[in-house]
Structures are given as C-alpha cells and as structure tokens.
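Please read the following report alongside the sequence and the model. It takes up the interface, the symmetry, the fold and a few individual side-chain pairs in turn.

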2 protein chains.
Amino acid sequence: MATRTTRRPERREEPLSRERVVESAIELLDTAGESGLTFRALAARLATGPGAIYWHVTGKDELLSAATEAVVSRTTASGTADPTPQEAIRALALGVFDAIEAHPWVGAQLASAPARSPMLRVFEHIGRQVQTLGVPHTAQFTAASALLSYILGVAGQNAANARGCPPNTNRTEFLATVSAAWADLDPDEYAFTRDVADQLRVHDDRAEFLAGIDLILTGITTHREPTDPAPS
Amino acid sequence: MATRTTRRPERREEPLSRERVVESAIELLDTAGESGLTFRALAARLATGPGAIYWHVTGKDELLSAATEAVVSRTTASGTADPTPQEAIRALALGVFDAIEAHPWVGAQLASAPARSPMLRVFEHIGRQVQTLGVPHTAQFTAASALLSYILGVAGQNAANARGCPPNTNRTEFLATVSAAWADLDPDEYAFTRDVADQLRVHDDRAEFLAGIDLILTGITTHREPTDPAPS
DNA sequence: GGCTGCTCTGGAACGCCGTTCCAGAGTGGT
DNA sequence: ACCACTCTGGAACGGCGTTCCAGAGCAGCC
C-alpha cells in the first residue's frame with residue numbers, strides 16, 4: 001500500500017513464461033497429484049489469475065502434455081554408451097520406469113496418450129537397438145511396438161498403484177495388504193492368484209519390470225523354430 | 001396432467017436398478033465417449049434426476065468400475081477348451097483386446113486401475129495357463145505379470161488411438177496419415193521410426209498384438225541362457 | 001380405513017472445474 | 001506524447017460431481 005509502483009525492478013520478480021508455468025504444473029502434480037493440477041491452484045502458486053496462464057498455454061491438455069514431455073525428455077537425454085543392445089534397451093526402459101515412479105502422473109498420462117511426442121523418442125531409441133540386435137526388417141516394428149506396449153502397460157499399473165496410496169503406507173505394508181487379500185480369495189476361483197500371493201509380497205517392482213523386458217528380448221532374439229540352439 | 005395417479009401399472013414402466021444404471025452408463029460411454037458419461041445425461045436417459053442414481057451407485061468411480069467389470073466379465077465368461085496353453089492365453093488376450101476395441105473407454109479404465117477386480121480374473125486365467133506351460137514356480141508370477149502388463153499396455157494405446165478419432169476417419173486413412181507424419185520426421189533424429197513408417201501403415205492391430213503375446217510366450221518358454229549370471 | 005416407517009425418487013442447490021472475456025497495466029517504437 | 005502490442009488477472013459462464021431433502025409410493029400393523 002505504501003509504495004505503489006516505485007521500487008519495482010521488473011514487472012514482477014519473475015515474469016510469467018511457458019517454462020515457468022510448466023515447471024509449476026509439474027511441482028503441483030508431484031505434490032498434489034493429478035487432481036491437484038488446477039488452473040486456479042496453478043494461478044495461486046504463480047501469484048496471478050487463471051486467465052494469464054492461457055496466454056502461455058492453450059489449455060489443460062497442452063499443459064499436461066508439456067509437463068509429461070518435460071519429465072520424459074530428461075530421461076531420454078542421458079545417453080550412456082551401453083555395451084549390448086539388450087542393456088541399452090534395459091537402460092532406456094528403466095529410465096522411463098524411474099521417471100514414472102518419481103512422477104506417477106506421468107504414467108497415467110503416457111498410458112492414455114502414447115502416440116504423442118514423448119514416447120515416440122523412446123520408440124525411436126528402442127527401434128535402433130532392435131535393429132542393432134539383428135532383428136529382420138519385417139519384424140522390427142513388431143518388436144519395438146511390443147517393448148513399448150509393455151513399458152506403457154507397467155507405467156499405467158505403477159501409476160494406478162501409486163494413486164491408490166500416495167502419502168501414507170510404505171511399500172512393504174501395501175504389498176502385505178494386497179498379498180493377504182489375494183491369499184483370502186476363493187481357492188477354486190483364484191487358485192493361481194492365491195498361489196503367487198507370496199511372490200507378490202516379496203517381489204521388487206524394478207526387478208519384475210526388467211524381467212518382463214528380458215522375456216520380450218528373449219522372444220525377439222530367439223528364432224521362431226525351437227530347434228535353434230541357444231544363441232549367445 | 002389429465003390422470004394423476006390412476007392408470008399406472010407400476011411406479012414407472014421399469015423401476016431404476018443398479019443393473020439398469022450400469023447398462024445405461026455403458027450405452028452412454030459407447031455412444032458419447034468417456035466424457036459423455038455424466039450423471040445429468042445418465043439421469044436424462046433414465047428419465048429421472050441425478051440424485052436418484054446415487055441410491056444405486058455410490059459415485060462415478062464405482063459406476064465406471066461396474067461398467068468395466070460388466071464388459072470385461074463377458075469376455076472371461078466364454079470359456080472354450082483350447083488345445084495348448086499358448087492358444088488359451090492367446091484366446092484370453094484376444095478376448096480382452098476385442099472388448100477394448102468394441103468399447104475403447106474400457107481400455108483407458110483398465111490401464112488406470114488394473115489392480116481392481118476385472119483384470120484379476122484375467123490374471124488368474126493367464127496364471128493357470130502359465131502353470132500348465134510348466135514354468136518354474138518362482139517364475140510364474142513374473143510371467144503372468146508380464147503378459148498382463150503387455151495386454152494393459154496395448155489396451156491403453158488402443159484406447160488412446162480410438163479417442164483420437166472416434167467417429168470419422170476409417171482406420172486405413174488414419175494409419176496413412178500417421179505413417180506419412182512418421183515419414184516426414186527428421187532423418188537423423190528419427191531414422192528408425194521413418195524406416196518402419198511403411199510397416200505402420202499396413203500393419204494389423206490384432207496381428208501385432210498377438211505377435212507381441214507370442215514374443216513373450218517365447219521368452220517364457222525359452223530356457224534362460226545357461227551362462228547368464230544371476231542378474232540381481 | 002388410518003397410521004407409520006421404509007425404500008426410492010428427482011429437482012434444487014453447492015462448490016469446483018476449465019475456459020472465455022476484457023479492461024487495463026506495462027513497454028518499446030516513433 | 002502517442003500508439004500498438006504484449007501480457008496480466010479478476011470476473012463471469014456453463015457444466016460437472018455430489019449432497020440435500022421434501023415427498024411419493026408401498027408394505028405392514030393397528
């Protein structure tokens with residue numbers, strides 16, 4: 001009140017920008033979850049009104065896409081030289097996996113809009129390693145697509161699990177609860193599920209994810225005819 | 001106005017019920033998409049008010065779950081005796097795949113809430129076939145989870161694609177458009193994607209999906225490389 | 001028949017959402 | 001001094017999920 005317009009080095013300490021909007025959106029998504037990202041909450045965090053945000057972003061869809069793009073692109077950026085294509089694919093997949101574990105909302109976003117830009121880069125990198133693996137040209141699309149679909153599937157599941165209990169229960173307790181629920185299922189209708197309830201309780205998400213990748217990689221590198229001896 | 005309470009055989013021609021609510025919700029989702037399911041629209045279709053629906057359903061989450069459950073359970077119901085476990089798994093996966101193609105909203109729903117009931121039954125059936133395949137006990141959970149994750153991943157992608165262009169373009173035209181977009185990408189940054197743009201244009205979703213299933217099945221049934229050191 | 005208690009209805013209202021609108025502040029060019 | 005342009009932010013709109021509640025219909029008991 002005392003000073004009205006004097007003593008203002010810039011219009012505000014930091015002017016609005018698309019970058020700042022997206023960054024704040026990511027923080028909001030990380031702290032308050034997917035439902036926490038609101039134009040009003042975002043405006044409050046940026047000390048402005050909802051209308052101002054629309055000058056830098058066309059709408060919520062673009063905002064979510066930009067936030068996802070920003071997070072995923074960081075994982076793709078770190079290009080380490082891996083000795084084998086298999087390890088390169090594992091590293092690539094783990095990058096996406098870790099990004100989703102750190103930001104569960106990315107999983108839900110990717111699972112429901114994969115054709116967009118961020119995952120296309122992952123697809124490209126996977127495809128190159130598939131080529132390096134010596135996969136026949138006609139099977140390369142299938143192989144890369146299968147790997148991508150699997151990654152996106154795990155992404156969605158992890159996001160769903162993280163949404164189930166974001167703040168409170170630690171992972172061990174959560175797994176114990178679900179495992180106990182599985183063990184209490186009908187023995188006739190859910191014989192298998194009951195049988196693996198123990199494995200669910202002690203399993204490691206990252207290891208299971210990688211094991212699935214390896215399963216697909218084995219399928220890709222194994223010739224269709226089972227008479228082929230194990231390649232190395 | 002003429003007759004007030006006379007001439008009414010029942011309170012209404014058909015009383016509200018949870019079954020009728022869920023069924024109408026499915027119809028609404030199929031015709032108007034995920035965003036078309038609204039308590040007001042649902043109330044209009046049922047010739048009632050929004051409040052009445054809450055007597056039969058606790059909220060929108062349960063409504064969506066019930067609708068998904070209803071659609072998925074129909075696919076699991078048809079139990080045909082398949083000669084081999086592989087074919088049984090393929091049939092199971094195709095059932096889910098077809099259900100999602102017929103109701104794209106199911107894909108999005110499954111991809112973002114897989115731990116719930118409907119997919120647990122699929123998991124159970126897959127797991128039994130995995131057991132029949134002779135997979136070692138310690139690897140059964142991994143194998144079934146990988147298959148389920150892959151199915152859910154494809155589910156999400158199909159749902160996203162269907163959401164991109166629900167009514168208008170036929171599939172061939174859509175694929176041609178995306179394929180052309182891929183072919184126009186930067187040759188350095190997207191060499192592989194450009195290379196498989198042709199395969200994208202002519203590919204068959206069902207066949208690709210099954211090919212991915214077969215990749216994982218091959219990985220499951222192929223013995224690990226004997227020289228492979230235990231990877232953590 | 002009345003009366004009561006229960007199930008079920010459906011319209012009104014609440015608060016929040018994404019989005020649009022627009023008056024106007026700030027700023028650089030002439 | 002003026003203008004044109006970028007950018008701001010508060011108000012407002014329609015629609016959403018959800019809640020609330022007066023009351024309709026329908027047993028069952030007096």
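How many salt bridges does the rule find across the interface of chain B and chain A? The rule, which asks for a side-chain nitrogen of Lys or Arg within 4 Å of a carboxyl oxygen of Asp or Glu, finds zero across the interface of chain B and chain A.

## Basis of the report

This is a predicted model, in which local features need pLDDT of at least 70 and side-chain atom pairs count only at pLDDT 80 or more, while totals for chains, interfaces and linings use all residues. Residues are numbered from 1 along each chain as its sequence is written, chains are lettered from A and ligands numbered from 1 in the order in which they are written, and side-chain values use heavy atoms, with hydrogens and water left out.

## The interface between the chains

With contact taken as heavy atoms within 4.5 Å, the interface draws 55 residues from chain B and 56 residues from chain A. Together the two chains bury about 4,600 Å², of which 62% lies on carbon and sulfur atoms; buried area here is the accessible area (1.4 Å probe) that two parts lose on being put together, summed over both. Of the area that chain B buries against chain A, 17% is supplied by Phe141(B), Phe192(B) and Leu215(B), more than by any other three residues.

Although salt bridges across this interface number zero, the count of residue pairs in polar contact between chain B and chain A, both residues at pLDDT 80 or more, is 20. A polar contact is a pair of N or O atoms within 3.5 Å; within protein, one must be able to donate a hydrogen and the other to accept it, and residues adjacent in sequence count only if both atoms are side-chain atoms. On the side of chain B that touches chain A, at least two residues each come from α7 (117-132), α8 (137-164), α10 (191-195), α11 (197-202) and α12 (205-221) of chain B, and α8(B) gives the most, with 19 residues. By residue class, this side of chain B divides into 26 nonpolar, 19 polar and 10 charged residues, where Ala, Val, Leu, Ile, Met, Phe, Trp, Tyr, Cys and Pro count as nonpolar, Asp, Glu, Lys and Arg as charged, and the others, Gly among them, as polar.

## Symmetry of the two copies

Chain B is superposed on chain A by a rotation of 180 degrees with 0.0 Å of shift along its axis, at an RMSD of 0.0 Å, the fit being made by least squares on the C-alpha atoms of residues with pLDDT of at least 70 in both copies. The two copies are thus related as by a two-fold rotation axis. Of the residues of chain B, Gly153(B) comes closest to the rotation axis, its C-alpha lying at 1.7 Å. Because 98% of the interface residues of chain B are also interface residues in chain A, the copies meet through the same surface.

## Fold of chain A

Chain A has 12 helices and zero strands, helices being DSSP runs (H or I, at least four residues) and strands likewise (E, at least two), numbered from the N terminus. Of the 232 residues in chain A, 45% are buried, a term that means under 20% relative accessible area, with exposed meaning over 50% and partly exposed in between (1.4 Å probe, protein chains only). Among contacts in chain A between residues at least 6 apart in sequence, 67% join residues at least 24 apart.

## A histidine between two helices

His103(A) is placed in the loop between α5 (85-102) and α6 (104-111) of chain A, and at 16% relative accessibility His103(A) counts as buried. Its side chain makes a polar contact of 2.7 Å with the side chain of Asp30(A). Leaving aside neighbours within four places in sequence, His103(A) is in contact with Asp30(A) and Val71(A).

## Salt bridges within the chains

Over all chains the count comes to 16 salt bridges. One of them joins Asp214(A) and Arg90(A), whose closest N and O atoms are 2.6 Å apart; since Asp214(A) lies in helix α12 of chain A and Arg90(A) in helix α5 of chain A, the pair ties together parts that are 124 residues apart in sequence. Asp214(A) is buried at 19% relative accessibility, whereas Arg90(A) is partly exposed at 26%.

In chain B, Glu69(B) forms a salt bridge with Arg121(B), with the closest N and O atoms 2.9 Å apart. Glu69(B) belongs to helix α4 (residues 60-77) and Arg121(B) to helix α7 of chain B, so the pair ties together parts that are 52 residues apart in sequence. Glu69(B) is partly exposed, with a relative accessible area of 23%, while Arg121(B) counts as buried at 18%.
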